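Trainee: Could you walk me through one part of this model closely, and then show me how it fits with the rest? I am new to reading structures, so please explain the terms as you go.

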Amino acid sequence: MTRSNAREIVANLIYEMNFTQDSADAVVDLTMEPVYYDTLGQESAAYAEKPSAQLAYIRDAVRGIREKREELDGYLSKYAINWSVSRISKVARAILHVAMYEALYVDDVPVDAAISEAVELTRKYEDEDVVAFVNGILGSFARDLEKAHGSGD
């Protein structure tokens with residue numbers, strides 16, 4: 001399984017967590033149940049291969065995004081000028097959370113890669129207006145991150 005597929009699974013799980021009070025681990029565990037996962041594999045190419053090396057990334061990202069949700073929503077509020085976070089589609093918000101979380105907390109993911117992957121994933125689920133919106137938010141977020149960490153790093 002590629003990291004791109006793992007990101008898509010994380011975004012799907014974050015989206016699903018909008019509708020449940022289950023813990024991050026419970027949501028991941030349910031998804032990884034063989035019968036359930038096989039059913040998902042018939043519906044989406046992202047689930048075609050069972051994660052092995054990427055399972056730790058999936059679990060850590062889902063946990064981390066759940067724990068940092070308020071912080072991530074704060075960034076969304078800051079960069080989604082004239083939009084309340086609640087107006088952003090749940091799918092786009094999940095994808096934005098994954099990208100921002102990776103940029104902030106996953107050391108082996110370059111910020112540019114997190115943004116590029118998020119834009120492509122958004123394109124899979126949303127129309128081009130939403131893709132442009134996501135790209136704009138993440139571009140502003142990345143510029144501020146670069147300023148905060150200095151361009152010499």
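Mentor: Happy to! Let's start with a pair of charged side chains: Asp 25 and Arg 63 form a salt bridge, with their closest N and O atoms 2.8 Å apart. The term means that a side-chain nitrogen of Lys or Arg lies within 4 Å of a carboxyl oxygen of Asp or Glu. The two partners come from distant parts of the chain, since Asp 25 sits in helix α2 and Arg 63 in helix α4, 38 residues apart. Helices here are DSSP runs (H or I, at least four residues), as strands are E runs of at least two, and both are numbered from the N terminus.

Before going further, a word on where this comes from. This is a predicted model, in which local features need pLDDT of at least 70 and side-chain atom pairs count only at pLDDT 80 or more, while totals for chains, interfaces and linings use all residues. Residues are numbered from 1 along each chain as its sequence is written, and side-chain values use heavy atoms, with hydrogens and water left out.

Back to our pair. Asp 25 is partly exposed, with a relative accessible area of 28%, and Arg 63 is partly exposed too, at 30%. On this scale, buried is under 20% relative accessible area, exposed is over 50%, and partly exposed is in between (1.4 Å probe, protein chains only). Side chains of opposite charge can pair when their charged atoms come close.

Arg 63 has another partner as well: the side chains of Asp 60 and Arg 63 meet in a salt bridge of 3.7 Å, N to O. These two are three residues apart in helix α4, so about one helical turn separates them. Asp 60 is partly exposed, with a relative accessible area of 43%. Through shared partners, salt bridges join Asp 25, Asp 29, Arg 59, Asp 60 and Arg 63 into one network.

Next door in sequence to Arg 63 is Gly 64, also placed in helix α4, but Gly 64 is buried, at 5% relative accessible area. Its C-alpha is 14 Å from that of Ile 95, a residue 31 places away in sequence.

What does α4 meet elsewhere? The axes of α1 and α4 come within 10 Å and cross at roughly 35°. Those axes are lines fitted to C-alpha atoms, for helices over the stretch in contact, and angles run from 0 to 180 degrees between N-to-C directions. The crossing is right-handed, meaning that the near helix is turned clockwise from the far one by less than a right angle, whereas anticlockwise would be left-handed. On the α1 side the contact (heavy atoms within 4.5 Å) involves Arg 3, Ala 6, Arg 7, Ile 9, Val 10, Leu 13 and Ile 14, and on the α4 side Tyr 57, Ile 58, Ala 61, Val 62 and Ile 65. These residues divide into ten nonpolar, no polar and two charged. Here Ala, Val, Leu, Ile, Met, Phe, Trp, Tyr, Cys and Pro count as nonpolar, Asp, Glu, Lys and Arg as charged, and the others, Gly among them, as polar.

Several of those names return in the largest nonpolar core, which has 50 residues; Ile 9, Val 10, Ile 58, Val 62 and Leu 138 have the most contacts inside it. Such a core is a set of buried Ala, Val, Leu, Ile, Met, Phe, Trp, Tyr and Cys residues joined through side-chain atoms within 4.5 Å. Elements giving two or more residues to this core include α1, α4 and α8, and α6 gives the most, with nine.

Finally, Arg 3 from the α1 side also pairs with Asp 108 in a salt bridge of 3.5 Å, N to O. Arg 3 lies in helix α1 and Asp 108 in the loop between α6 and α7, so the pair ties together parts that are 105 residues apart in sequence. Arg 3 is partly exposed at 22% relative accessibility, while Asp 108 is exposed at 55%. The whole structure holds 13 salt bridges.
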